[in-house]
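Reader: I've got a structure open on my screen and a pile of questions about it. Can we go through them one at a time?

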Amino acid sequence: MGIFQKLFKRETNQMSTKVNLAVIYYSSNGTNYQLAQWAAEGGRQAGAEVKILKVAETAPQSVIDSQPSWKAHLEATKQVPTVSLADLEWADAIIFSMPTRFGNLPAQLKQFIDTTGGLWAQGKTVNKVVSAMTSAQNPNAGQEQTILQLYTSMYHWGAIVAAPGFTDPSVFVAGGNPYGTSVSVDQNGAMKEDVRAAAEHQAKRTVSVAKAVKNGLGQ
């Protein structure tokens, strides 16, 4: 095969590479569901096949019932598919979105991640391209730490972290978190920062990196 044929074939492969993006979220009041929707839109704009998937709720029903907004959100999103290990295997790229819980991951998401040992043992988490987003009541409530805790698990997976860094002006508008889009939420559940563009950009970047990985590995 001549050099021009090789170049043309490479360009064709890059253009035709389809990335499967799983946007996996946990949300009790809707903030991270909204972040997931914006990320999904960015992924679609980048040409990815996208699934929005929720993590199973494990909190006691009595606790949920005691908080009307939590109960209402679960009812409003009951049609959203619950993530499975098969979804992880399907995905080339994964964006996680979750609130911070005392500077750490919500137990619901951590419990799901703890079920991935079988995939990990088979090497099926290797080279997944991952990124993460989060929310809290204020900027110093563990937003960066929560994302970094998630990334620690991803390093054990052998995944490739695609943090947004400062690769787009939208990151600065959203508050300037280079690890992943994060938003502060007031007492009424309203977002304080304008993060939609940042979430969309983060998804586009994640898909772009995943496409490069797939092309590089010849998948």
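Reader: Let's start with empty space. How many cavities of 30 Å³ or more does the count come to?

Author: Bear in mind that this is a predicted model. Rolling a probe the size of a water molecule over the atoms shows where empty space is left. With 30 Å³ as the lower limit, the count comes to one cavity.

Reader: What is the volume of the largest cavity?

Author: Its lining includes Pro164, Val171, His201 and Gln202. The space inside the largest cavity is about 60 Å³.

Reader: Which helix gives the largest share of the lining of the largest cavity?

Author: Among the lining residues are Ala198, His201 and Gln202. By class, the lining splits into four nonpolar, seven polar and no charged residues. The largest share is three residues, and they come from helix H10 (residues 196-217).

Reader: Now the pocket. Which residues lie nearest the centre of the largest pocket?

Author: The largest pocket has a volume of about 510 Å³. Helix H2 (31-45) and strand E4 (129-136) are the elements that give two or more residues to its lining. Of the 22 lining residues, the ones nearest the centre are Ser28, Asn29, Arg101, Gln137 and Val185.

Reader: And how many charged residues are in the lining of the largest pocket?

Author: Sort the lining by class and you get six nonpolar and 14 polar residues. What remains is the charged class, with two residues.

Reader: On to strand E1. Why is E1 described as largely enclosed by the rest of the structure?

Author: Look at both faces of the strand: Asn20, Ala22 and Ile24 point one way from E1, while Leu21, Val23 and Tyr25 point the other way. Residues on both faces are buried. E1 (residues 20-25) is largely enclosed because the number of its residues that are buried is six of six.

Reader: Which residue in E2 is the bridge partner of Leu21?

Author: E1 pairs with strand E2 (residues 49-54) in the parallel sense, over six bridges. Within E2, the bridge partner of Leu21 is Val50.

Reader: Let's do aromatics. Is the pair of Tyr25 and Tyr33 stacked or tilted?

Author: A search of the whole structure turns up three aromatic pairs. In this one the ring centres of Tyr25 and Tyr33 are 5.2 Å apart and the planes sit at 40°. Planes under 30 degrees apart would count as stacked and over 60 as edge-to-face. The 40° angle falls outside both classes, so the pair is tilted.

Reader: Is Tyr33 buried or exposed?

Author: Its ring partner Tyr25 has 2% relative accessibility, so Tyr25 counts as buried. For Tyr33 the relative accessible area is 17%, and the cut-off for buried is under 20%. That makes Tyr33 buried.

Reader: Which ring does the charged end of Lys51 sit over?

Author: The charged end of Lys51 is 4.3 Å from the centre of the ring in question. That ring belongs to Trp90.

Reader: What about backbone oddities? What is phi of Phe102 near?

Author: Most residues other than glycine have a negative phi. Phe102 is in the loop between strand E3 (93-99) and helix H6 (107-113), and at 91% relative accessibility Phe102 counts as exposed. Phi of Phe102 has a positive value, near 55°.

Reader: Where is Asn127 found?

Author: Asn127 also has a positive phi, near 70°. At 32% relative accessibility, Asn127 counts as partly exposed. Asn127 is found in the loop between helix H7 (117-121) and E4.

Reader: One last spot, helix H4. How far apart in space are Ala76 and Gly30, C-alpha to C-alpha?

Author: Ala76 is in helix H4 (residues 68-76) and is exposed, with a relative accessible area of 53%. Ala72 is found in helix H4 too, and its C-alpha atom is 8.1 Å from that of Asn29, which is 43 residues away along the chain. As for Ala76 and Gly30, they are 46 residues apart in sequence, and their separation in space is 9.3 Å.

Notes:
Residues are numbered from 1 along each chain as its sequence is written. This is a predicted model: local features need pLDDT of at least 70, side-chain atom pairs count only at pLDDT 80 or more; totals for chains, interfaces and linings use all residues. Side-chain values use heavy atoms; hydrogens and water are left out. Rings of Phe, Tyr and Trp (its six-membered ring) pair if their centres lie within 6.5 Å; planes under 30 degrees apart count as stacked, over 60 as edge-to-face and the rest as tilted. Buried means under 20% relative accessible area, exposed over 50%, partly exposed in between (1.4 Å probe, protein chains only). A charge sits over a ring if NZ of Lys or CZ of Arg is within 6 Å of the ring centre and within 35 degrees of the ring normal. On a 1 Å grid over the protein atoms alone, a cavity is a set of points where a 1.4 Å probe fits but cannot get out, and a pocket is an open set with protein on both sides within 12 Å along at least five of seven lines; lining residues have an atom within 4 Å of a point. Grid points are joined across faces, edges and corners, and a volume is the space filled by probe spheres set on the points. Helices (H or I, at least four residues) and strands (E, at least two) are DSSP runs, numbered from the N terminus. Ala, Val, Leu, Ile, Met, Phe, Trp, Tyr, Cys and Pro count as nonpolar, Asp, Glu, Lys and Arg as charged, and the others, Gly among them, as polar. Two strands pair if DSSP finds at least two bridges between them.
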